[in-house]
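Me: Please show the model, and then let us examine the terms used to describe its ligand site.

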Amino acid sequence: MKRVSLTQYLVEEQRLHDNIPASLRLLIEVVARACKTISHSVGKGALGDILGSAGSENVQGEVQKKLDVISNEILLEANEWGGHLAAMASEEMESIHPIPNRYPMGEYMLLFDPLDGSSNIDVNVSIGTIFSVLKAPEGMSAPTEADFMQPGTQQVAAGYAVYGPQTMLVLTTGNGVNCFTLDREMGSWVLTQKGMQIPVETKEFAINMSNQRHWHPPVQRYVNEMLAGKTGPLGKDYNMRWIASMVADVHRILNRGGIFMYPADMRDPSQPGKLRLMYEANPMAMIVEQAGGAATDGRQRILDIPPTKLHQRVPVFLGSKSEVDRVTGYHAE
Ligand code: AHG
Ligand code: MN
Ligand code: MN
């Protein structure tokens, strides 16, 4: 079988569709290289002194793991010097990170969740990195947080790396979704799945059931109906999976269908859900839509939400279209 590398894929995609100019190709290759470095650290575990807590908190008040901090540093360092970016933003940094002025400023802005699924690091369960690429507004000279406040529809690329039994990179530039597997011996990303499509129908759901008592009525109804199985209103038996790494749950759904939910609940109205719009929900929503699925906050398409804050949270329902449409419909009733 002829192997297509990430570089070859990006070059040929540009030739065919004119949607990956050289600076965007550089960006994607640099992010992919950083993910390779993170994957290497992940694989070392205790031998690389990467497990455990960093002894600090991020802006959302979450305890940072060593690997959260290391992965953030790897992505920052890799992306500073290339001239492809104007600024970066991350789950692990309170404010945006403009490119230092010793380097040329580029036309893109990169957002990332450097390490998704932090609670799984120390127990050797799949984790990942999520990223989203926006264009800097025309004529921008000194980037500010306001320049990032663009809806997800404006993303020019989105992707994630999953560090599991295999390390994979799933990428979209707005023309379908492709998956690359890391060849660890060669150190290269090889195209292994083209044009990924989420099955429309599903029998699998993912939600943290321990929060059930806090859910709003539409989510209660939907999950109860799934739990009722074949003799219930949905007429089929469902299965449940919850990995607690969004990357790993989304990766399963991309491959065999399903719905992923992290709803808002009744605990704290100022915290609409757990996941963050700009670097978790938006990139995943773009990937899922590009693979024929759907992604909403229960009421509207995630990609249409106008952001107001870098670290804003959003309820998330994504995956197979028929199921996402159903639970979104329940919210409207
Ligand atoms: P992060 O590790 O980047 O903070 O994200 C964790 C997120 C997401 O990956 C996962 O789906 C969810 O949190 C798990 O939440 P629970 O702890 O409620 O299971
Ligand atoms: Mn995350
Ligand atoms: Mn994270």
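Me: What makes β5 and β13 part of the description of the shell around ligand 1?

Reply: In this predicted model, β5 (108-116) and β13 (259-262) each supply at least two residues of that shell. Strands are DSSP runs (E, at least two residues), numbered from the N terminus. β5 gives the most, with three residues. Residues are numbered from 1 along each chain as its sequence is written, and side-chain values use heavy atoms, with hydrogens and water left out. Local features need pLDDT of at least 70, side-chain atom pairs count only at pLDDT 80 or more, and totals for chains, interfaces and linings use all residues.

Me: Why is ligand 1 said to lie between domain 1 and domain 2?

Reply: Domain 1 (6-193) and domain 2 (204-332) both give residues to the shell, so ligand 1 lies between them. The bounds come from an automatic or database domain assignment.

Me: Why is the pair between ligand 1 and the side chain of aspartate 113 called a polar contact?

Reply: A polar contact is a pair of N or O atoms within 3.5 Å. An oxygen atom of ligand 1 is 3.0 Å from an N or O atom in the aspartate 113 side chain, so the pair meets that limit. For the side chain of arginine 276, the corresponding distance is 3.3 Å.

Note on methods. Chains are lettered from A and ligands numbered from 1 in the order in which they are written. A polar contact is a pair of N or O atoms within 3.5 Å; within protein, one must be able to donate a hydrogen and the other to accept it, and residues adjacent in sequence count only if both atoms are side-chain atoms. Helices (H or I, at least four residues) and strands (E, at least two) are DSSP runs, numbered from the N terminus.
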